[in-house]
Amino acid sequence: MVVDRVALVERNLDRALAQAEAPAARLPPDAPLSERTTLTARQAVDLFTDQVRSRALDVVARALKAQGAGFYTISSAGHEQNAVVGAQLRTTDPAFLHYRSGGFMMARSRQAPGVDPVTDTVLSLTASAGDPIAQGRHKVWGSRPLWVPPQTSTIASHLPKAMGTAFALDRARRIGVPVDIPPDSIVCCSFGDASANHATALAGINAARYSHRRGSPVPILFLCEDNGIGISVDTPRRWISSSFSGLPHLEYVHAAGELDEVWETVARAVTNCRTARRPVFLHLDVVRLWGHAGTDVESGYRTGDEIAAVEARDPLVVNARRLVATGAATPAQLRELVAAVRAEVAEAAAKAAGGPKLATRAAVVAPLAPYDEAAARVEAAGVPDAADRAALFGGVLPEQATTAVRRTLAAHVNAALHDELLRRPELLVFGEDVARKGGVYNVTSGLQRAFTSGRVFDTLLDETTILGIAQGAGHLGLMPVPEIQYLAYLHNALDQLRGEAASLSFFSSGQFTNPMVVRVAGLAYQKGFGGHFHNDNSIGALRDIPGLVLAVPSRGDDAVRMLRGALGLAKACGRVVVFLEPIALYHEKDLHQPGDGGWLSDYPPPGQALLPGEVGVHHPHHTDLLIVSYANGLRMSLRAALRLRIDHGVRARVVDLRWLSPLPLEAVRRHAGQCAAVLVADECRATGGGIADAVIADLAEHGPAPPLASVRSADSYVPLGPAADTVLLGEDEILDAALRVARRAGPAQG
Ligand SMILES: Cc1ncc(C[n+]2csc(CCOP(=O)(O)OP(=O)(O)O)c2C)c(N)n1
Ligand SMILES: [Mg+2]
């Protein structure tokens with residue numbers, strides 16, 4: 001016979017309350033439970049109420065699921081002691097929560113009278129449009145007024161950004177940028193015991209310790225809710241304590257025992273974190289009731305005795321006994337309280353069950369990619385103070401310098417970062433080797449000297465951490481410009497963009513954003529520094545991220561205007577932008593002939609900017625052929641276009657896409673409509689990795705299209721040395737394909 005463990009655990013509580021004997025003496029509400037604690041009777045009853053509320057929501061989640069009205073059954077049952085942490089933190093202490101932190105949420109909500117956590121939770125369970133955080137896009141713990149950003153289901157993925165928020169909190173104070181939470185705030189991040197093994201969790205904890213070792217305050221409370229199991233796999237005994245106690249730069253605190261003991265331990269952890277501004281690992285003993293989720297058959301991997309032993313440790317029963325034993329409450333009072341909470345939750349669930357859901361694609365995707373073009377343009381086109389610029393650049397502004405000596409893409413990005421750091425006090429530049437060395441390719445050279453190590457700094461060697469700091473800084477309203485040293489190394493931390501940063505606006509209905517412009521050095525064709533990992537030409541994984549903007553400049557002057565546009569988008573619309581800089585063009589000077597300086601350009605003065613959709617057009621009056629390309633492919637296409645004209649009389653217009661996600665398809669269509677044939681020259685991988693398929697398909701679907709063709713790099717990693725040329729798109733290939741498609745269109749015009 002299948003035992004209904006939910007009903008059984010509910011009955012255990014009822015029985016305990018029915019059998020408990022009234023205390024000999026009642027405690028006054030403001031008296032502490034014991035001599036060893038500051039927890040008062042009133043606070044203890046409130047905590048118990050919050051815990052019962054969390055439990056009742058877990059029960060109702062399963063009932064709603066059974067009725068077909070609910071969609072989520074991972075519960076907090078057994079974890080309710082986390083309410084103690086929720087009660088002791090402030091609503092201005094950012095909290096990044098485990099899916100079992102229901103007790104925490106209930107206790108925190110108590111501090112915000114306008115928040116109704118019961119209704120909010122049932123709306124989330126039922127995927128209702130009225131769910132105030134995600135509008136039904138996911139069941140999450142999240143709330144704008146409670147400063148709880150919603151977390152994804154990817155366990156441990158939130159530790160780096162929680163660490164980043166703690167880091168940014170004190171960094172903001174150090175550089176004098178106001179944030180909207182008090183300066184002594186701390187960040188809380190909860191997670192399970194199995195999750196503590198995850199690479200991403202270890203990255204977050206390590207980065208917090210490392211930063212503290214470096215002298216940067218990181219006031220983060222890592223709350224490990226240890227129930228001893230992850231789905232079906234036991235955590236070895238004492239694994240958490242032996243792994244996280246005794247580590248330098250991490251205070252370890254173990255909370256266990258009666259409610260008032262847990263209260264005191266948590267108080268110590270919170271106070272130490274708040275006052276010492278250092279990472280604290282709070283190890284909280286909990287149990288997991290009812291399996292991993294409603295669908296999990298726990299009896300498949302735990303014996304009946306094991307399950308019963310866990311149920312005997314139900315914190316609600318343990319706490320109820322403690323409240324009665326200390327005289328904080330009578331059994332009758334608690335019975336009444338339990339009945340009232342269950343009724344409250346049942347009523348809320350009944351109301352939510354039939355509530356409206358997001359019903360259209362437009363409604364679902366609305367917060368994914370917010371875009372206010374006018375606001376972004378205003379943000380992008382701001383001009384720094386003239387006197388400050390003169391002082392910064394030593395009297396010779398970059399735009400004046402370049403009229404005499406035109407400059408490279410790397411030099412222009414460097415100057416643009418100087419200008420942006422100057423005009424945005426909230427802007428931070430960081431990454432591996434960006435500060436003292438000035439970047440592997442000197443792109444960030446001199447920035448730290450000009451703007452101090454508070455704003456331009458080297459990070460530890462971990463891309464997950466770099467993107468975690470970026471997210472945390474973005475959460476607090478700073479403007480992070482992290483650098484990833486090579487595109488291949490973005491891929492090892494990609495979930496921080498794909499699963500986390502880019503999804504935040506979606507899962508919070510636009511209420512939380514983490515704006516950032518991630519500079520990445522990438523793409524192929526490097527001479528002298530070969531191999532795949534320094535010549536990665538795959539952008540497929542970035543183009544596939546909903547809402548993410550991918551900017552890929554080819555020339556220095558474009559890079560300046562696009563970087564301004566990217567920052568404008570991030571600032572005005574909260575967007576996540578990847579700014580992919582073609583390494584092989586960083587120091588390129590020439591276009592057609594050695595020494596012609598055709599790839600150098602003048603610095604666009606502040607005020608000029610480019611936004612998504614705005615393409616570059618070369619030879620706008622040519623109509624025999626349109627070549628669509630970007631980055632290295634653009635330079636090769638311009639070289640091919642010269643040979644086409646001189647050797648074959650074919651006059652090609654060349655369009656630089658500049659923005660690879662979203663693609664500027666309207667502009668491409670417009671130019672294609674004016675030309676006799678179209679060739680797409682895509683230096684990224686042929687299938688899935690690049691943009692050729694999307695451009696060709698769009699033109700074909702919006703016909704009548706002129707003859708279409710494309711050339712692409714191979715679906716391959718890039719080998720070392722000259723063999724790289726065998727897999728990468730080359731100029732001759734562009735030329736041949738251009739001639740073939742132009743011939744299909746008929747004799748050259750004009
Ligand atoms: C990165 C990742 N891998 C796998 C999963 C599937 N999964 C969800 S919860 C879980 C176990 C987590 O155990 P623990 O951290 O102890 O938390 P608990 O559920 O016990 O509170 C797993 C493997 C996931 N959500 N994310
Ligand atoms: Mg666990």
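In this predicted model, the magnesium ion (ligand 2) is coordinated by three residues: Asp-193 through OD, Asn-227 through OD1 and Ile-229 through O, at 2.0 to 2.1 Å. Donors here are N, O and S atoms within 2.8 Å of the metal, or 3.2 Å for Na, K and Ca; water is not among the atoms, so sites may look incomplete. Along the sequence the donor residues follow the spacing D-x33-N-x1-I. Asn-227 is buried, with a relative accessible area of 11%. Ile-229 is also buried, at 4%. Buried means under 20% relative accessible area, exposed means over 50%, and partly exposed lies in between (1.4 Å probe, protein chains only).

Residues are numbered from 1 along each chain as its sequence is written, and chains are lettered from A and ligands numbered from 1 in the order in which they are written. Local features need pLDDT of at least 70, side-chain atom pairs count only at pLDDT 80 or more, totals for chains, interfaces and linings use all residues, and side-chain values use heavy atoms, with hydrogens and water left out.

Arg-288 contacts two of the magnesium donors, Asn-227 and Ile-229. Arg-288 lies in the loop between β7 (280–285) and α10 (304–311). Helices (H or I, at least four residues) and strands (E, at least two) are DSSP runs, numbered from the N terminus. Arg-288 is buried, with a relative accessible area of 2%. A polar atom of its side chain lies 2.8 Å from the backbone oxygen of Ile-231. The backbone oxygen of Gly-291 lies 3.4 Å from a polar atom of the Arg-288 side chain. A polar contact is a pair of N or O atoms within 3.5 Å; within protein, one must be able to donate a hydrogen and the other to accept it, and residues adjacent in sequence count only if both atoms are side-chain atoms. Beyond its neighbours within four places in sequence, Arg-288 is in contact with residues including Ala-77, His-79, Arg-100, Asp-296 and Glu-298. Contact means heavy atoms within 4.5 Å.

Glu-298 is found in the loop between β7 and α10. Glu-298 is buried, at 8% relative accessibility. With neighbours up to four places away set aside, Glu-298 touches Arg-288, Trp-290, Gly-291 and Ile-307. Ile-307 sits in helix α10 and is buried at 7%. The C-alpha atoms of Ile-307 and Arg-288 are 9.4 Å apart, with their positions 19 residues apart in sequence numbering. Outside its four-place neighbourhood, Ile-307 touches Arg-5, Glu-298, Ser-299 and Arg-302.

A contact also links helix α1 to Glu-311. Leu-8 is found in helix α1 (residues 5–19). Leaving aside neighbours within four places, Leu-8 is in contact with Val-3 and Glu-311. Leu-8 and Glu-311 are 303 residues apart along the chain, yet their C-alpha atoms are separated by 9.1 Å.Backbone geometry was examined next. Most residues other than glycine have a negative phi, and most peptide bonds are trans. Ile-231 has a positive phi of about 50° although it is not a glycine. Ile-231 is found in the loop between β4 (229–230) and β5 (233–234). At 46% relative accessibility, Ile-231 is partly exposed. Tyr-525, likewise not a glycine, has a positive phi near 75°. Its place is in the loop between β11 (516–522) and α23 (540–543). Tyr-525 is buried, at 15%.

Cis peptide bonds occur at two prolines described here. One joins Ser-661 and Pro-662, with omega about -10°. Pro-662 lies in the loop between β17 (659–661) and α27 (665–672). Another joins Gly-703 and Pro-704, with omega about 5°. Pro-704 lies in the loop between α28 (692–701) and β19 (708–713).

A search of the whole structure finds 0 disulfides. A disulfide is a pair of cysteine sulfur atoms within 2.5 Å. For Cys-224 the closest cysteine sulfur, in Cys-189, is 10 Å away, too far for a bond. Cys-224 is buried, at 0% relative accessibility. Cys-684 is buried at 0% as well.

The structure holds 7 cavities of 30 Å³ or more. On a 1 Å grid over the protein atoms alone, a cavity is a set of points where a 1.4 Å probe fits but cannot get out; lining residues have an atom within 4 Å of a point. Grid points are joined across faces, edges and corners, and a volume is the space filled by probe spheres set on the points. The largest cavity has a volume of about 190 Å³. It is lined by 19 residues, of which Leu-97, His-98, Tyr-99, Gln-151 and Thr-152 lie nearest its centre.

Note on methods: 1 Å grid on protein atoms, 1.4 Å probe; cavity = no way out; pocket = protein on both sides within 12 Å on 5 of 7 lines; lining within 4 Å.
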